Amino acid sequence: MTGIHIGKLIRTKLEDDRRSVEWLANNIGCVRDNVYKILKKESIDTELLMRISVALETNFFRYYSDIYYDKMKKKTDNTD
């Protein structure tokens with residue numbers, strides 16, 4: 001469990017950029033209904049996340065990367 005709700009992060013970016021669900025659907029090659037489903041998901045397939053990241057010009061993987069580095073730091077700190 002990462003504590004990340006990727007769908008909410010994508011929705012926020014869409015809203016900040018004033019982009020529509022239909023716009024995102026067209027840019028990632030799916031239908032609008034599927035985007036609505038994506039926005040409700042806590043996690044999604046990495047290939048899909050890559051397409052969304054490119055379309056929205058945002059590295060959504062960084063949220064996971066930040067958690068990874070935090071966990072690795074804690075792990076290292078606990079072994080000292």
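**Exercise 1. Overall architecture**

How many helices and how many strands are there in the protein? Establish also the order of the elements and the spread of the chain.

*Solution.* The model under study is a predicted one.

Step 1. The protein contains five helices and zero strands. Along the sequence, these elements give the pattern α-α-α-α-α.

Step 2. For 80 residues the globule rule gives 12 Å, whereas the radius of gyration of the protein is 15 Å, well over that value, so the protein is more spread out than a compact globule.

Step 3. Taken along the principal axes, the box filled by the C-alpha atoms is roughly 50 × 20 × 20 Å.

**Exercise 2. Burial, surface and contacts**

Determine what percentage of the 80 residues counts as buried, and describe the accessible surface.

*Solution.* Step 1. Buried residues make up 29% of the 80 residues of the protein.

Step 2. The accessible surface amounts to about 5900 Å², and carbon and sulfur atoms contribute 48% of that area.

Step 3. Among contacts with a separation of 6 or more, 58% are between residues 24 or more positions apart.

**Exercise 3. The packing of helix 2 and helix 3**

Characterise the crossing of helix 2 with helix 3 and the residues that make the contact.

*Solution.* Step 1. Helix 2 spans residues 21-28 and helix 3 spans residues 32-40; their axes come within 8 Å and cross at roughly 105°.

Step 2. Angles of 65 to 115 degrees count as roughly perpendicular, so helix 2 is roughly perpendicular to helix 3.

Step 3. Helix 2 contributes Val21, Glu22, Leu24, Ala25 and Ile28 to the contact, and helix 3 contributes Arg32, Val35, Tyr36, Ile38 and Leu39.

Step 4. Sorted by class, the residues of this contact comprise eight nonpolar and two charged ones, with no polar residue.

**Exercise 4. Two residues compared with the burial cut-offs**

Is serine 53 buried or exposed? Classify tyrosine 64 by the same scheme.

*Solution.* Step 1. Serine 53 belongs to helix 4, residues 46-56. Buried means under 20% relative accessible area; serine 53 has 6% relative accessibility and therefore counts as buried.

Step 2. Leaving aside residues up to four places away in sequence, serine 53 touches Thr58, Asn59, Phe60 and Phe61.

Step 3. Tyrosine 64 is located in helix 5, residues 61-79. Because its relative accessible area is 25%, tyrosine 64 is partly exposed.

Step 4. Tyrosine 64 and glycine 3 are 61 residues apart along the chain, and their C-alpha atoms are separated by 9.6 Å.

How values were computed. Residues are numbered from 1 along each chain as its sequence is written. This is a predicted model: local features need pLDDT of at least 70, side-chain atom pairs count only at pLDDT 80 or more; totals for chains, interfaces and linings use all residues. Side-chain values use heavy atoms; hydrogens and water are left out. Axes are lines fitted to C-alpha atoms, for helices over the stretch in contact, and angles run from 0 to 180 degrees between N-to-C directions. Helices (H or I, at least four residues) and strands (E, at least two) are DSSP runs, numbered from the N terminus. Angles under 35 degrees count as roughly parallel, over 145 as roughly antiparallel, 65 to 115 as roughly perpendicular and the rest as oblique. Contact means heavy atoms within 4.5 Å. Ala, Val, Leu, Ile, Met, Phe, Trp, Tyr, Cys and Pro count as nonpolar, Asp, Glu, Lys and Arg as charged, and the others, Gly among them, as polar. Buried means under 20% relative accessible area, exposed over 50%, partly exposed in between (1.4 Å probe, protein chains only). The radius of gyration is taken over C-alpha atoms; the globule rule is 2.2 Å times the number of residues to the power 0.38. Accessible areas come from the Shrake-Rupley method with a 1.4 Å probe; for residues, only the protein chains shown count as cover.
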